[in-house]
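User: Hey, got a minute to go through this model with me? I'd like to hop around a bit.

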Amino acid sequence: MFPIHRNRRLRTNESIRSLVRETTISPNDFMFPMFVAEGKGVEVPLGSMPGLFRRSIDLTVKEVKELWSLGIKAVNIYVKVDDKLKDNAGKEAWNKDGLMQQTIRAIKDAVPGMIVMPDVALDPYSIYGHDGIVENGLIVNDATVDALTLMSVSHADAGADFVAPSDMMDGRVHAIRKALEESGHHDVGIMSYSAKYASSFYGPFRDALDSAPGFGDKKTYQMDYANRIEAIKEALHDVEEGADIVMVKPGMAYLDIVREVKNAVNVPVAVYQVSGEYAMVKAAAERGWLDHDKIMIEQLHCIKRAGADIISTYFAKEAAIILNR
Ligand code: PBG
């Protein structure tokens, strides 16, 4: 009761604030999503994601070394697949010499300690830009899961530490776990995009990979943004099926979901602060409407406070530089 309690005593100066601070962030919390393209010496700026690039493997490796020196321990890899390699089944996805497989090998060769988490989903390989195989205008679940298991094992063969299925097909975590065990990849983990919403915040990402769906939307597999309880169901199913880490995606607009999932599961929770969230901050900062660095650091704290153990964020490098000062 006032004046016995004056809450402002704990806010008097930065020293006491830092002593009682409940949430801290460090480069150890971050994963950095990277876009990889064919070629050599290629570095294409991403129009809707200022400050980021699509890079060939050689320059990706160079960047990974820099991330490692900043204390970042994990990267998420997405590839831009040549149109002529795309089909409905996504066969290129499990080509042992495909762009993803080469990228994984190159990163693990150069920086063995870096945790490499390739994206597992068919959309960059699909002529339809969907995360699954299309039959009669529908995304078929079980045939897609078979494809995703082949893809996951080929990523593990190439040296991936974790595979990260982002497709939202039912039963894929169990099928992937089983296939990894059967192929001897006992220590390769699964980070499942468990509560992944059908979100318009993914727009800039789809620009970066030229992977927007050719027809319809992703609402028959990604979650309805109006739903909360369903996220818990998804996360619990994935843990039961063998997910080592579950993810909630997008981030800022979904922090209630992050907390619900965090309270429901006994595995680490990752949060993906997605492309549209990044683009919004960049755009407002370019106009001088927001203080870029302060907003970035605030948002990362908020995501962690909500329950994130790991944050996949395009701000990872910039934030690490600030946090290392
Ligand atoms: C594809 C995938 C997407 C993202 C990650 N993996 C796009 C989508 O589902 O359409 C989005 C990430 C971002 O927006 O930063 N399976």
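User: Where is P250 found?
Analyst: P250 is in the loop between β10 (245–249) and α8 (255–264). Keep in mind as we go that this is a predicted model.

User: OK, and what is the peptide bond from K249 to P250, cis or trans?
Analyst: That bond is cis, with omega near -5°. Most peptide bonds are trans. The bond from F2 to P3 is also cis, with omega near 5°.

User: And where is P3 found?
Analyst: P3 is in the segment before α1 (14–20).

User: Back to K249 for a sec. Which residues come nearest to the ligand?
Analyst: K249 is one of them: the nearest are R206, K218, K249, S275 and Y314, out of 18 residues around the ligand.

User: What's the class breakdown of that shell?
Analyst: The shell around the ligand has 8 nonpolar, 3 polar and 7 charged residues.

User: How far is the side chain of R206 from an oxygen atom of the ligand?
Analyst: An N or O atom in the R206 side chain is 2.7 Å from a ligand oxygen. K196 also has a side-chain N or O atom 2.7 Å from an oxygen of the ligand. For Q222, a polar side-chain atom lies 2.8 Å from a ligand oxygen.

User: How much of the ligand's area does the protein bury?
Analyst: The protein buries 100% of the 410 Å² that the ligand exposes when taken alone. The space the ligand takes up is the largest cavity.

User: Changing topic: Q273. Is it buried or exposed?
Analyst: Q273 is buried, because its relative accessible area is 1%, and buried means under 20%. Q273 lies in strand β11 (residues 269–273).

User: What does its side chain make a polar contact with? I mean Q273.
Analyst: The side chain of Q299, at 2.9 Å.

User: How about F162, buried or exposed?
Analyst: F162 counts as buried too, since its relative accessibility is 18% and the cut-off for buried is under 20%. F162 is in strand β8 (residues 162–165). Its C-alpha is 9.4 Å from the C-alpha of D119, and those two are 43 residues apart along the chain.

User: Now K65. Why does K65 count as partly exposed?
Analyst: Because its relative accessible area is 47%, and partly exposed falls between the 20% limit for buried and the 50% limit for exposed. K65 sits in helix α2 (residues 57–69).

User: What separates the C-alpha atoms of K65 and M114?
Analyst: They are separated by 8.9 Å, with the two residues 49 apart along the chain.

User: Last topic, backbone angles. What is the phi of N136?
Analyst: N136 has a positive phi of about 50° although it is not a glycine. Most residues other than glycine have a negative phi.

User: Where is the place of N136, and is N136 buried or exposed?
Analyst: N136 is in the loop between β6 (133–135) and β7 (138–140). N136 counts as exposed, because its relative accessibility is 79% and the exposed class is over 50%.

User: And what is phi of D210 near?
Analyst: Phi of D210 is near 55°, so that's a positive value in a residue other than glycine as well. D210 is in the loop between α6 (203–209) and α7 (229–241). With a relative accessible area of 43%, D210 is partly exposed.

Methods: Residues numbered from 1 in each chain as written. Predicted model: local features only at pLDDT ≥ 70, side-chain atom pairs only at ≥ 80, totals over all residues. Heavy atoms only, no water. Near = heavy atom within 4 Å. Polar contact = N/O pair within 3.5 Å; in protein donor to acceptor, adjacent residues only side chain to side chain. Areas by Shrake-Rupley, 256 points an atom, 1.4 Å probe, with all protein chains shown as cover. 1 Å grid on protein atoms, 1.4 Å probe; cavity = no way out; pocket = protein on both sides within 12 Å on 5 of 7 lines; lining within 4 Å. Sits in = over half its atoms within 2 Å of the grid points. Nonpolar A, V, L, I, M, F, W, Y, C, P; charged D, E, K, R; others polar. Helix = DSSP H or I, 4+ residues; strand = E, 2+ residues; numbered from the N terminus. Buried < 20%, exposed > 50% of the residue type's maximum accessible area, 1.4 Å probe, protein only.
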